[in-house]
Amino acid sequence: WNPFDDSMMATASEDTNIKIWSIPESWEPCDEKGNAKAGAGLSESLLDLDAHTKKVTLLRWHPTASNTLLSTSGDLTVKVWDVENSAVVSSNENIPNLVHDIVWDSTGDNYAFSCKDKKVRFVDGRTGEATSVIKAHEGSKSIKLVYVNDTGKFFTFGASKQSGREIKVWDIKDLSKPLHT
């Protein structure tokens, strides 16, 4: 859901498209007792964003800029979209493996993504260029990411070599080693 328009939703699919939908004010999926009710289906999206060449796997709305969306795909790209103009603002195409997670920082200036190669890449949101790369966890499980608001801290959730669950806390200004594991 778009944080600036609670009637706007983005969906990703295996057909390589991102669709932007507008949910009508009158649409109500439940009756007054909370039971599901039949309603008119949505058949037409507001617009389609179609610059990916393989299935789109993740979407994230920008936290501070209206109509800006981050997407990643099996085509090994991460794209920043200007939804209002249906245009790609920047595209990171130097991705070696499938992306497991993408997140914006609290201001939306930067984003980070984790890959199957066990690395986390920090990226300038305007240019799409990587600013830092860390090897966060040794295990083979996917790595999930969280910026901790505007504290300058970053969490990674992954696994050790022995597949034990790990949470690491990082200082964004010094990514040479985690503050805590």
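**Warm-up.** Which side chain does a polar contact of 2.8 Å join to that of Ser 71? It's Trp 81.

Before going on: this is a predicted model, where local features need pLDDT of at least 70, side-chain atom pairs count only at pLDDT 80 or more, and totals for chains, interfaces and linings use all residues. Residues are numbered from 1 along each chain as its sequence is written, and side-chain values use heavy atoms, with hydrogens and water left out.

**Exercise 1. Work out the surroundings of Ser 71.**

Step 1: Find its element. Ser 71 lies in strand E5, residues 68-73. Strands (E, at least two residues) are DSSP runs, numbered from the N terminus.

Step 2: Is Ser 71 buried or exposed? Its relative accessible area is 0%, so Ser 71 is buried. Buried means under 20% relative accessible area, and exposed means over 50%, with partly exposed in between (1.4 Å probe, protein chains only).

Step 3: Look for polar partners. Besides the Trp 81 contact, a polar contact of 2.7 Å links the side chains of Ser 71 and His 52. The term stands for a pair of N or O atoms within 3.5 Å; within protein, one must be able to donate a hydrogen and the other to accept it, and residues adjacent in sequence count only if both atoms are side-chain atoms.

Step 4: List the neighbours. Not counting residues up to four places away in sequence, Ser 71 touches, among others, Ile 18, Val 56, Leu 58 and Ile 102. Contact means heavy atoms within 4.5 Å.

**Exercise 2. Lay out the sheet that holds E8, E9, E10 and E11.**

Step 1: Get the order. Four strands make an open sheet, E8-E9-E10-E11, with antiparallel pairing. Two strands pair if DSSP finds at least two bridges between them.

Step 2: Spot the edges. E8 (99-104) and E11 (130-135) each have a single partner strand, so one side of each has no neighbour in the sheet.

Step 3: Check one pair. E8 and E9 (residues 110-115) run antiparallel and are joined by five bridges. Val 99 sits opposite Cys 115 in E9.

**Exercise 3. Place Arg 121 in its strand and find its contacts.**

Step 1: Arg 121 belongs to strand E10, residues 119-124.

Step 2: With 9% relative accessibility, Arg 121 counts as buried.

Step 3: Its side chain makes a polar contact of 2.7 Å with the side chain of Asp 117.

Step 4: Leaving aside neighbours within four places in sequence, Arg 121 is in contact with residues including Tyr 111, Phe 113, Cys 115 and Val 133.
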